[in-house]
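Please work through the following exercises with the sequence and the coordinates at hand. Each task is followed by a solution in steps.

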Amino acid sequence: SLERSQSLDHDNKMSSAEATKQLSELKALIASPKIDAAQANQLMDKLKVFLALTLVSQPVGNELSAEQQRTLFLSREILEEGVMLSVKTQDLDAFERYISQLKTYYYDFKDKIPQSAHQYTILGLNLLRLLASSRLDEFHTELELIPLDKHSNIYIKHPVQMEQYMMEGAYNKVVKAKADVPSESFNFFMEQLMSTVRGEMADCFEKSYSSISIADAQKLLGLNQSQYATFANQRKWGTSGSNVSFPLDNTGAVGDTSFKLIQQTLSYARELERIV
């Protein structure tokens with residue numbers, strides 16, 4: 001009935017107001033240096049209920065009312081904060097769920113609501129996540145969805161550059177780029193990418209050398225003494241004086257390009273040390 005419909009509209013408006021208030025509280029929690037994860041997740045759970053009810057009660061047609069546009073805008077903003085919360089709490093499963101839902105707003109609704117100021121930050125984060133997980137086919141699929149003229153956007157350019165370094169075997173450039181991320185939110189996935197890179201570099205070490213100096217290994221891997229000790233133990237590397245010795249690996253040889261890059265990087269690290 002008309003009366004029931006008006007009642008539902010009134011409830012939705014009240015829900016939107018409450019959702020907006022809770023979203024502001026969630027933003028403040030996410031922005032804090034030390035997040036209260038339990039409280040933030042509790043707020044997010046409430047906002048997800050709002051999202052679910054909104055999808056049922058606010059069907060999207062070709063022509064949207066001003067109220068529907070506001071609801072879509074609010075829903076998108078909630079999901080974007082969900083992405084940032086999942087980065088802060090290092091919840092990869094939640095990150096993937098929020099990204100999957102957000103793509104509807106970024107691509108399907110692009111002509112219905114103004115573009116989000118956070119869109120390319122979040123899409124760049126997703127690219128970096130896929131790269132760090134070695135999901136290269138998905139990386140390129142997602143990149144193709146982004147307009148070519150946006151590939152120069154700083155948040156898109158960064159993961160694209162990292163992928164290029166990885167393909168070149170220029171792992172030292174990835175290590176260097178860790179200190180030059182476009183946003184603090186990229187640090188989590190850059191650390192994951194670094195873990196992938198260290199594994200690749202360690203494979204190259206083991207196939208190229210019988211031993212190198214521990215100091216060189218630490219520099220190249222971007223690890224402090226304690227981190228290096230843990231990493232070397234996991235790889236079952238031995239120690240001989242000031243050198244690290246690698247397990248014998250005759251199963252294959254590293255390519256000439258990778259071998260030369262390792263030699264160049266070692267030379268660069270030593271030269272830099274002399275300059276400093």
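**Exercise 1.** Determine which residues Q119 touches, not counting residues up to four places away in sequence, and decide whether Q119 is buried or exposed.

*Solution.* The model is a predicted one. Step one: with residues up to four places away in sequence left out, Q119 touches E80 and Y106. Step two: the relative accessible area of Q119 is 5%. Buried means under 20%, so Q119 is buried. Step three: Q119 has its place in helix α5.

**Exercise 2.** Compare the expected span of helix α5 with the distance between its end C-alpha atoms, and state how many of its residues are buried.

*Solution.* Step one: helix α5 comprises residues 119–132, which is 14 residues. Step two: at 1.5 Å a residue, these should span 20 Å. The expected span is 1.5 Å times one less than the number of residues. Step three: the end C-alpha atoms of α5 are 20 Å apart, which agrees with the expectation. Step four: α5 is mostly covered, with 14 of its 14 residues buried. Step five: α5 is followed by S134, which has a positive phi near 60°.

**Exercise 3.** Classify the packing of helix α7 against helix α9, and identify residues that meet there.

*Solution.* Step one: α7 (residues 154–168) and α9 (residues 187–208) pack at an angle of about 5°, and their axes are 12 Å apart. Step two: angles under 35 degrees count as roughly parallel, therefore α7 is roughly parallel to α9. Step three: from α7, H158, M162 and M166 meet M190, L193, T196 and V197 of α9.

**Exercise 4.** Establish the strand order of the open sheet, and describe how helix α10 is placed relative to its strands.

*Solution.* Step one: the open sheet consists of three strands in the order β1-β3-β2, with antiparallel pairing. Step two: β1 (211–213) and β2 (238–240) are the edge strands, each pairing on one side only. Step three: on average, neighbouring strands of this sheet are turned by 30° against each other, direction ignored. Step four: β1 and β3 (residues 243–245) run antiparallel and are joined by three bridges; S213 has N243 in β3 as its bridge partner. Step five: α10 lies across β1, β2 and β3 and runs at about 80° to β1. Step six: α10 (residues 214–221) is mostly covered, as six of its eight residues are buried. These buried residues are I214, D216, A217, Q218, L220 and L221. Step seven: just after α10, G222 takes a positive phi of about 70°.

**Exercise 5.** State how many aromatic pairs there are, and classify the pair formed by F231 and W237.

*Solution.* Step one: rings of Phe, Tyr and Trp pair if their centres lie within 6.5 Å. By this rule the count is nine aromatic pairs. Step two: one of these is F188 with F189, at 4.9 Å centre to centre and 45° between the planes, a tilted pair. Both F188 and F189 are buried. Step three: F231 and W237 lie 5.6 Å apart, centre to centre, with 75° between the planes. Planes over 60 degrees apart count as edge-to-face, and the F231 and W237 pair is edge-to-face. Step four: F231 has 12% relative accessibility and therefore counts as buried; W237, at 9%, also counts as buried. Step five: ring pairs link F205, Y228, F231, W237 and F246 into a cluster.

Methods. Residues are numbered from 1 along each chain as its sequence is written. This is a predicted model: local features need pLDDT of at least 70, side-chain atom pairs count only at pLDDT 80 or more; totals for chains, interfaces and linings use all residues. Side-chain values use heavy atoms; hydrogens and water are left out. Rings of Phe, Tyr and Trp (its six-membered ring) pair if their centres lie within 6.5 Å; planes under 30 degrees apart count as stacked, over 60 as edge-to-face and the rest as tilted. Buried means under 20% relative accessible area, exposed over 50%, partly exposed in between (1.4 Å probe, protein chains only). Helices (H or I, at least four residues) and strands (E, at least two) are DSSP runs, numbered from the N terminus. Two strands pair if DSSP finds at least two bridges between them. Axes are lines fitted to C-alpha atoms, for helices over the stretch in contact, and angles run from 0 to 180 degrees between N-to-C directions. Contact means heavy atoms within 4.5 Å. Angles under 35 degrees count as roughly parallel, over 145 as roughly antiparallel, 65 to 115 as roughly perpendicular and the rest as oblique.
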